[in-house]
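Let's take a quick look at the empty space in this one. Pull up the model and follow along, pocket first and cavity after.

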Amino acid sequence: MLNLDNASIDFGLLLPEIILCVAGFAILLLGVSIRNRAINLPLSVLALGLALFFSVADWGNASTGFFGLVSKDSFSAIYNLIFLISGIISLLIAKSYLESRGIDRPEFYALILFSIVGMMIMASSFDLIVIFLGLEIMSIPLYVLAGFEKDNPKSNEASIKYFIMGAFATGFLLYGIAMIYGAAGTTDLRIIAENFQTLKLASPLFIYTGAALALVGFAFKVAAVPFHMWAPDVYEGAPTPVVAFLSVASKAAAFAVVLRVLFTGFFDVALDWGILIAGLAAASMVIGNLVAISQSNIRRLFGYSTISHAGYILVGVAAGVKSGDGIFKAPEF
């Protein structure tokens, strides 16, 4: 049902994202016209700094617009800080790395900015379709960045494997969203939560299967076992600054969505999905740490370390949030 209170088209809600998009396009245009590579880093950091400034303003000020598709609150603000700070640090360490390998091109900076836009969209919505769009905006630049050293066969291999596995996982996610929509008639997680008891009785197969398939897609993004096989290869072949950005920002975005989806739309079955995620967490911790022991390549070691750390974080997701009397309680986003 359309909520007219949220029907305003307020582009101010998307000001940080707009700043990054404009800066990304400007970097691409300037790279073609004036070919002054010295401007890429300052312009990128300036855009990220401005977006950081406006994102801080969302702290403690919940607002919704675009027919409820965009929701800015403290939850999105804290994740935006993680994305933007990770982007700034990654770009600062990338400059010398790119120059030393002769690949200091404006596309790198623009792709980082566009990927962060996707992450911010993911963290700023309760709608599954918008979350999916944000996921794709985030992922496609990352596929390119993983293969940015085009003369390096391992970098090409990392890009191809990341793209193929990512497309495969995206199919699961989109199929899950379709099944949830078929059962609920909406992709708004808040409406799904309000009507969940009715949906569970009317279409239990669709709602549970859809949630499970969506979880598969998210598990790929956090590199949880058994959806982790891409991580060691990508970490080994991708440029070092990309690995640094990928290991922090993209994982944070994926966990932001996991919390949004599970704790908002499907919290009424917390015990059911809690057991499933606990299994993913245990498998990720055990396999990630054990396989890491046998690694002779430091980057692959970091890849398996990321897998095990995803398991540690999933323990908190599986446990949920408890109130003082021990009853599961959904967090207030």
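Start with the second largest pocket: 16 residues line it, and Tyr-235, Ser-247, Phe-302, Ser-305 and Thr-306 are the ones that lie nearest its centre. Keep in mind that this is a predicted model. Besides this open site, there's one cavity of 30 Å³ or more in the structure.

**The second largest pocket**

- Two elements, α11 (240–265) and α13 (298–319), each give two or more residues to the pocket's lining.
- Of the elements involved, α13 gives the most, with eight residues.
- The space inside this second largest pocket comes to about 270 Å³.
- Sorted by class, its lining is a mix: nine residues are nonpolar, five are polar and two are charged.

**The largest cavity**

- How much space lies in the largest cavity? It holds about 40 Å³.
- Its walls are made by Leu-215, Phe-218, Ala-219, Val-222, Val-258, Ile-277, Leu-280 and Leu-314.
- Which classes do those lining residues belong to? Eight are nonpolar, with no polar and no charged residues in the lining.
- At least two lining residues come from α9 (204–221), and at least two from α12 (270–293).
- The largest share belongs to α9, which supplies three residues of the cavity lining.

**Side by side**

- The lining of the second largest pocket includes five polar and two charged residues, whereas the lining of the largest cavity has none of either class.
- For the main contributors, look to α13 at the pocket and to α9 at the cavity.

Note on methods: Residues numbered from 1 in each chain as written. Predicted model: local features only at pLDDT ≥ 70, side-chain atom pairs only at ≥ 80, totals over all residues. Heavy atoms only, no water. 1 Å grid on protein atoms, 1.4 Å probe; cavity = no way out; pocket = protein on both sides within 12 Å on 5 of 7 lines; lining within 4 Å. Points joined across faces, edges and corners; volume = space filled by probe spheres on them. Helix = DSSP H or I, 4+ residues; strand = E, 2+ residues; numbered from the N terminus. Nonpolar A, V, L, I, M, F, W, Y, C, P; charged D, E, K, R; others polar.
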